[in-house]
Amino acid sequence: IDVHLIISMLAHIAGIANNEIFAEIVDFVAAVHRSTQSTAQVQDTVLTCHARMTDVQDPECRKRLLQTLMLLFIETGLKAQKEHEKAKESERMKAMVKSMAQLLPLIAVLAEPLPTGHFAPFDDAEVRRFRNLWFFCVIFGFLIEGALWDQWQDTLLQIAKRTPILLTNNSIKALEADLELNSALRPKYVEQHLPTFHQQLIDCLGPQAPVSTLGFAETIFILSVYHVEMLRVTEGDLKCIGYFLNDDGRSPTLTTCIEKIIFEATSLFFKPSKLRDSRYFGTIEEQVMHCLVGALHPIPKIQKISSELVILTLKAFPQLHWSKRL
């Protein structure tokens, strides 16, 4: 059986198939991707097929393909962690990380139509897929200076723009438990590297960051939030305020770290060179509107952070005083 020919034909059929047939093709090609017996040539054909399927226009088909590709990215990350436990930096593990990287541009293309607002309607399953994707980007070094960052920086920026707040609706009061039970993180792997991740967090948030008490899941979560928000703010989006608008019983250490992330993000946002970027003006009014809502929040800390952001924004953009939307 010529697997290459079959997969190539399926890619063409997917372009004209109805939703049900498209979903079956996506599942079949994903099964080939998962197969441990697939050769490198077959995997290349599968990747080409996935790339062709991203041209589909139907929203439901695109959503199904995005979900599948994100799950493949996450599943491969889990396998790479297991492989590392057997043999550090093995060729097999490197091949898995490369396979993950090749999925990122496809995920970025499919995520492009997703909403970007602070309260965009993402369900818990979608949030968890995005959160796990960023967890693996942290774990495997996609977000630190090096070859992976240099190659995939622009792609990661596009994904960050469409990433929801990394909090599920039903885990606001129990974020720590939700993280500790996260099946995407293998404790043995992360704990071996916990000092390295703690140092990365100190490099990001400064020496005063209370990282020593953070467990492995919380550390990866905070690093993910930091990198997503610092990428997002380069496009004029201060979505990080959403982490405080969701605050309800979070641990003081996590709250302190998120405060520092907001400080770092706003410092970058209000740099003079950034304020001259025309891309910022399209979202500024929306930022202020959400911060004004936060200024009326019953939790004092949210009131304080939101009010400070409103004042900073009005100082940086005095023309907002005459905005009819505010």
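For this tour, Asp, Glu, Lys and Arg count as charged, Ala, Val, Leu, Ile, Met, Phe, Trp, Tyr, Cys and Pro as nonpolar, and the others, Gly among them, as polar. Keep that in mind for the pockets below, and remember that the model on your screen is predicted.

**The whole protein**

Start with a cartoon view. You should find 16 helices and zero strands. Of the 326 residues, 53% are buried. Look also at how the chain meets itself: among contacts between residues at least 6 apart in sequence, 74% join residues at least 24 apart.

**Stop one: helix α1**

Select residues 3–14, which form α1. Its 12 residues reach 16 Å from first C-alpha to last, close to the 16 Å expected at 1.5 Å a residue. Now highlight Ile-7, Leu-10, Ala-11 and Ala-14, which are buried. Turn the view to look down the helix axis: the buried residues of α1 fall within an arc of 105°, so they line one face of the helix. A rule of thumb helps here: an α-helix has 3.6 residues a turn, so residues three or four places apart point the same way. To see what that face meets, show α2 (19–34) and α3 (40–53), against which the buried residues of α1 pack.

**Stop two: the largest pocket**

Next, select His-33, Gln-43, Ala-95, Met-96 and Ser-99, which lie nearest the centre of the largest pocket. The full lining has 24 residues, and the volume is about 680 Å³. Which helices each supply at least two residues of this lining? They are α2, α3, α4 (59–86) and α5 (91–111). Colour the lining by class and you will count five nonpolar, nine polar and 10 charged residues.

**Stop three: Gln-102 on α5**

Stay on α5 and select Gln-102. Is Gln-102 buried, exposed or partly exposed? Its relative accessible area is 27%, and a residue between 20% and 50% is called partly exposed, so Gln-102 belongs in that class. Leaving out residues up to four places away in sequence, Gln-102 touches Leu-47 and Trp-152. Leu-47 is 55 residues away along the chain, yet the two C-alpha atoms are separated by 7.8 Å.

**Stop four: the cavity**

Now for the enclosed space. A search of the whole structure finds one cavity of 30 Å³ or more, and the largest cavity holds about 30 Å³. Select Cys-137, Val-138, Gly-141, Phe-142, Leu-143, Ile-144, Gln-200 and His-227 to display its lining. By class, that lining has five nonpolar, three polar and no charged residues.

**Stop five: Leu-194**

Move to helix α10 (residues 194–205), where you will find Leu-194. Its relative accessibility is 17%, and buried means under 20%, so Leu-194 counts as buried. What is Leu-194 in contact with, leaving aside neighbours within four places in sequence? Show Leu-214, Gly-215, Phe-216 and Thr-219. For one of these, Thr-219, the C-alpha to C-alpha distance to Leu-194 is 8.1 Å, across 25 residues of sequence.

**Last stop: Arg-325**

Finish in the segment after α16 (300–316), where Arg-325 lies. At 48% relative accessibility, Arg-325 counts as partly exposed. Not counting residues up to four places away in sequence, Arg-325 touches Glu-285 and Met-289. Add Glu-286 to the view as well: Glu-286 and Arg-325 are 39 residues apart in sequence and 8.9 Å apart in space, C-alpha to C-alpha.

Terms used
Residues numbered from 1 in each chain as written. Predicted model: local features only at pLDDT ≥ 70, side-chain atom pairs only at ≥ 80, totals over all residues. Heavy atoms only, no water. 1 Å grid on protein atoms, 1.4 Å probe; cavity = no way out; pocket = protein on both sides within 12 Å on 5 of 7 lines; lining within 4 Å. Points joined across faces, edges and corners; volume = space filled by probe spheres on them. Helix = DSSP H or I, 4+ residues; strand = E, 2+ residues; numbered from the N terminus. Expected span 1.5 Å × (residues − 1). Buried < 20%, exposed > 50% of the residue type's maximum accessible area, 1.4 Å probe, protein only. Arc of directions from axis to C-beta. Contact = heavy atoms within 4.5 Å.
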